Amino acid sequence: MEPILEGVKVVELAAWTFVPSAGAVLADWGADVIKIEHPETGDPQRGLVNSGVVAGSTGVNHFIEQPNRGKRSVGLDVANPQGLEILYKLVEQADVFATNLLPGSQQRLGVDLDAIRARNPKIIYARGHGYGPKGPQADRGGFDLAAYWARGGIGDALAAGDGSYPPIQRPAFGDVFGGFAIAGGVAAALYRRERTGQASVVDVSLLGTALWQLGPDVVGSKVIGSNIPKYDLDEMPNPVTSIYRTQDNRFLALVLLQSDRFWPDLCARIGRSDLVSDDRFADARVRFANRRECTAELRRTFEAQPLEYWRKQLEDFDGVWDAFESALELHDDPQVTANGYLPKVTDANGNTFALAANPVQFDETPAALRPAPGHGEHTDDVLQELGLDWDRIIALKESGAVI
């Protein structure tokens with residue numbers, strides 16, 4: 001694939017997953033993404049592999065690899081005046097500056113919008129927020145479990161609604177979606193600058209991302225004056241748009257929105273042609289009226305055979321359906337493999353592993369990914385590109401400004 005963003009340089013001063021995942025997407029698309037990390041601590045997410053939160057027995061820190069693949073890492077202390085000046089020199093050559101530092105930290109360190117634009121008026125400034133750039137909580141930090149899952153309504157929408165605890169979100173669930181939104185915003189801003197010469201500020205918040213993802217519920221709730229009713233699998237209005245358990249405790253989803261069109265063929269394939277002639281289930285209208293009974297019949301049928309049996313029965317079925325797969329199973333999914341959705345990379349230690357590609361492909365060609373950099377791996381290379389000689393680089397290392 002010809003890199004879509006070849007020649008674009010991004011300076012990323014960010015940690016954890018939200019904004020770094022945006023940098024990963026931009027790197028996938030061909031941008032040169034320079035990740036700024038503190039010389040001593042680096043991205044704090046590197047430490048999760050030793051905390052028990054992330055399994056690291058294989059020597060692969062996947063929480064670093066997934067949102068940081070394809071970047072170059074520079075160990076740089078921007079709180080050190082000499083380090084800050086190096087950052088400014090990078091900014092002068094860059095197209096994009098991306099950060100998730102809080103506004104107060106941006107100003108204190110001298111990396112806020114005005115300071116960065118003073119060194120490069122044409123740079124695109126991309127900011128990731130917990131709660132947005134305005135309002136009483138604009139300076140409040142927010143991880144996705146708080147700002148996206150809890151405050152943004154996602155957790156409530158997926159809760160049972162019976163007073164039990166809502167489900168906990170999967171790792172970085174809102175971060176990766178929000179990061180992809182930042183990458184899309186940066187791409188649009190690059191296009192705008194190319195056409196008009198005007199540089200943009202790109203803002204994406206975890207809270208705003210949640211509202212976008214939950215849009216049908218959020219918009220609909222105000223229209224009808226109450227929260228959209230939660231789905232009850234016993235009471236699904238269309239029993240053939242639902243989830244069913246199989247004999248081996250697996251699950252499959254039927255999505256037959258035009259239920260009358262597919263009902264006879266479905267019944268034949270599952271060995272229940274008797275349901276077609278049953279007056280209670282003859283068409284969508286009566287299936288709705290008798291939805292509990294229809295759902296119960298389908299449950300008894302699907303629970304009588306294992307998932308592989310139903311895969312064969314429904315293999316060439318024209319209606320939309322699919323089986324639930326686990327994250328581990330996806331690595332062996334032939335459709336995933338054929339489309340290059342889980343490309344493999346090999347790191348400097350010889351570990352080979354798969355990374356999740358971003359979902360956009362250009363010209364039907366998967367992106368060729370590179371592993372994440374080591375902490376400060378490219379410091380010397382980047383400093384030399386800035387024109388610094390070895391005497392100056394050594395002096396900066398001795399001062400603690402770089403590693």
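User: What covers the buried residues of helix 10?

Analyst: This is a predicted model. In it, the cover over the buried residues of helix 10 includes helix 9 (206–213).

User: Which residues of helix 10 are called buried, and what makes them so?

Analyst: They are Gly215, Gly220 and Ser221, within a helix that spans residues 215–224. The label needs a relative accessible area under 20%, so each of the three falls below that cut-off.

User: What follows helix 10?

Analyst: Gly225 does, with a positive phi near 85°.

User: How many disulfides does the structure hold?

Analyst: Zero. Take Cys267: the nearest cysteine sulfur belongs to Cys294 and is 7.5 Å away. A disulfide needs two cysteine sulfur atoms within 2.5 Å, so Cys267 is in none.

User: Why is Cys294 not bonded to Cys267?

Analyst: Because 7.5 Å between the two sulfurs is too far for a bond. Cys267 is the closest candidate for Cys294.

User: Are these cysteines buried or exposed?

Analyst: Cys267 has a relative accessible area of 0%, and Cys294 has 1%. Buried means under 20%, so both cysteines are buried.

User: Why is Gly141 called partly exposed?

Analyst: Its relative accessible area is 43%. Buried is under 20% and exposed is over 50%, so Gly141 falls in between.

User: Where does Gly141 lie, and which residues is it in contact with?

Analyst: Gly141 is in the loop between strand 5 (124–129) and helix 6 (144–150). Setting aside neighbours within four places in sequence, its contacts are Leu102 and Tyr131. Contact needs heavy atoms within 4.5 Å, so Gly141 meets that limit with Leu102 and Tyr131.

User: What is notable about the phi of Ala172?

Analyst: Phi is positive there, about 55°, although Ala172 is not a glycine. Most residues other than glycine have a negative phi. Ala172 sits in the loop between helix 7 (154–158) and helix 8.

User: What is the phi of Glu364, and where is that residue?

Analyst: Glu364 also has a positive phi, near 55°, and is not a glycine. Its loop runs between strand 11 and helix 16 (379–385).

User: How do you know which of Ala172 and Glu364 is buried and which is exposed?

Analyst: Ala172 has a relative accessible area of 15%, under the 20% cut-off, so Ala172 is buried. Glu364 reaches 77%, over the 50% cut-off, so Glu364 is exposed.

User: What lines the largest pocket?

Analyst: The lining has 48 residues, with His62, Gln66, Pro171, Val176 and Ala356 nearest the centre. The pocket's volume is about 1700 Å³. Elements that each supply at least two lining residues include helix 2 (62–68), helix 8 (173–196) and strand 11 (352–354). By class, the lining holds 31 nonpolar, twelve polar and five charged residues.

User: What is the volume of the second largest pocket, and which residues are closest to its centre?

Analyst: Its volume is about 690 Å³. Of its 37 lining residues, Ala14, Ala15, Trp16, Asn100 and Leu101 are closest to the centre. Strand 2 (32–37), helix 4 (103–109) and strand 5 each give two or more lining residues. The lining of the second largest pocket divides into 18 nonpolar, twelve polar and seven charged residues.

User: Which domains does the assignment give, and how far apart are their C-alpha centres?

Analyst: The assignment gives domain 1 (9–215 + 340–399) and domain 2 (241–323). The C-alpha centres of domain 1 and domain 2 are 45 Å apart.

How values were computed: Residues are numbered from 1 along each chain as its sequence is written. This is a predicted model: local features need pLDDT of at least 70, side-chain atom pairs count only at pLDDT 80 or more; totals for chains, interfaces and linings use all residues. Side-chain values use heavy atoms; hydrogens and water are left out. Buried means under 20% relative accessible area, exposed over 50%, partly exposed in between (1.4 Å probe, protein chains only). Helices (H or I, at least four residues) and strands (E, at least two) are DSSP runs, numbered from the N terminus. On a 1 Å grid over the protein atoms alone, a cavity is a set of points where a 1.4 Å probe fits but cannot get out, and a pocket is an open set with protein on both sides within 12 Å along at least five of seven lines; lining residues have an atom within 4 Å of a point. Grid points are joined across faces, edges and corners, and a volume is the space filled by probe spheres set on the points. Ala, Val, Leu, Ile, Met, Phe, Trp, Tyr, Cys and Pro count as nonpolar, Asp, Glu, Lys and Arg as charged, and the others, Gly among them, as polar. Domain bounds come from an automatic or database domain assignment.
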